[in-house]
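Q: I would like to learn how to read a few features of a protein model, one at a time. Could we go through them together, with the general idea given before the case at hand?

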Amino acid sequence: MASQDNVYQPKDAVTAGIKSTLVTGAAGALVSSVQNTLTKQNVTAWGIFTRTGGTIAVFAAMGGTYEFTKLASANLREKDDSWNTAIGGFLAGSVLGMRFRTMPAVLGYGAGLAVLLGTFDYTGGVLTGYEKDPNVDEYDRKQQLRKNRRMPIEETINDLGEGRGIYGPGYEERRRERIRQNYGINIPAKESMLTGRNN
């Protein structure tokens with residue numbers, strides 16, 4: 001038997017859809033008022049309903065359709081996952097596409113919004129990155145990340161070789177010997193070079 005934590009709890013799709021319709025309708029009224037303000041003709045304040053009122057209707061319909069469909073599909077499927085968001089996004093995008101009165105626009109806007117919202121929900125649904133554990137100190141977390149990624153110098157030298165700022169112990173002596181063997185030049189050991197590398 002499944003545990004109580006994994007049992008899906010149905011959500012009220014109708015109430016959430018009405019609330020979302022009101023919120024997005026208010027946002028549409030704000031956008032409509034900005035559109036009304038920016039018109040070149042001198043229109044009255046009622047122009048937000050008469051002239052650019054379609055914006056309010058599209059915003060309200062998109063928000064209500066998205067929220068209702070997302071929760072209704074979650075209730076029908078008894079799963080709370082990214083597919084519900086994609087289904088809601090498809091129907092909400094289709095509402096936007098209906099404004100253009102062509103089937104390619106309806107399907108295109110629906111598919112575009114479904115992919116966008118489904119991917120956003122699948123990847124965590126936040127724009128700020130993954131959530132950090134509030135019980136872990138930030139300094140300790142960063143120290144653990146540094147220790148987790150740090151490799152011993154011998155392993156780094158074996159993988160990359162010496163040079164480019166990566167020098168193992170005894171590098172100056174090996175370098176002098178290599179130059180003497182290959183080119184026949186004796187380089188004297190300078191005290192400042194030896195102490196500079198070791199510090």
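## Reading rings, backbone angles and charge

A: Let us begin with a single ring, remembering that this is a predicted model: phenylalanine 100 counts as partly exposed, because its relative accessibility is 45%, and the label "exposed" is kept for values over 50%.

Q: How many aromatic pairs does the structure hold, and what describes a pair of aromatic rings?

A: A pair of aromatic rings is described by two quantities, namely the distance of the centres and the angle of the planes. The structure holds two aromatic pairs. In one of them, tryptophan 46 and phenylalanine 49 lie 5.8 Å apart from centre to centre, with 40° between their planes, and this pair is tilted. Tryptophan 46 counts as exposed at 60% relative accessibility, and phenylalanine 49 is exposed as well, with a relative accessible area of 51%.

Q: Which residue forms an aromatic pair with phenylalanine 100?

A: The partner is tyrosine 109, and here the centres are 5.3 Å apart while the planes differ by 10°, which makes the pair stacked, because planes under 30 degrees apart are given that name. Tyrosine 109, at 37% relative accessibility, counts as partly exposed, as does phenylalanine 100 at 45%.

Q: Turning to the backbone, which value does phi take at glutamate 78, and where is glutamate 78 found?

A: Here the sign of the angle and the type of residue are read together: phi of glutamate 78 is near 55°, a positive value in a residue other than glycine. Glutamate 78 belongs to the loop between α3, which covers 53–77, and α4, which covers 82–97. With 58% relative accessibility, glutamate 78 counts as exposed.

Q: What is phi at arginine 101, and is arginine 101 buried or exposed?

A: Arginine 101 is not a glycine, yet its phi is positive, at about 60°. This arginine sits in the loop between α4 and α5, the latter being residues 103–122. Arginine 101 counts as exposed, because its relative accessibility is 79% and the cut-off is over 50%.

Q: Finally, which residues gather in a patch of positive charge on the surface?

A: For a patch of this kind, one looks for residues of like charge that are joined within 9 Å. In this structure Lys142, Arg146, Lys147 and Arg150 gather in such a patch of positive charge on the surface. Taking one of them as an example, lysine 147 has its place in helix α6, residues 138–149, and lysine 147 is exposed, with a relative accessible area of 57%.

Technical notes:
Residues numbered from 1 in each chain as written. Predicted model: local features only at pLDDT ≥ 70, side-chain atom pairs only at ≥ 80, totals over all residues. Heavy atoms only, no water. Helix = DSSP H or I, 4+ residues; strand = E, 2+ residues; numbered from the N terminus. Buried < 20%, exposed > 50% of the residue type's maximum accessible area, 1.4 Å probe, protein only. Phe/Tyr/Trp six-rings, centres within 6.5 Å; stacked < 30°, edge-to-face > 60°. Patch = residues over 30% accessible without salt bridge, like charges linked within 9 Å, V, L, I, M, F, W, Y side chains within 5 Å. Areas by Shrake-Rupley, 256 points an atom, 1.4 Å probe, with all protein chains shown as cover. Salt bridge = Lys/Arg side-chain N within 4 Å of Asp/Glu carboxyl O. Lys, Arg positive; Asp, Glu negative; His and termini not counted. Charge placed at Lys NZ, Arg CZ, Asp CG, Glu CD.
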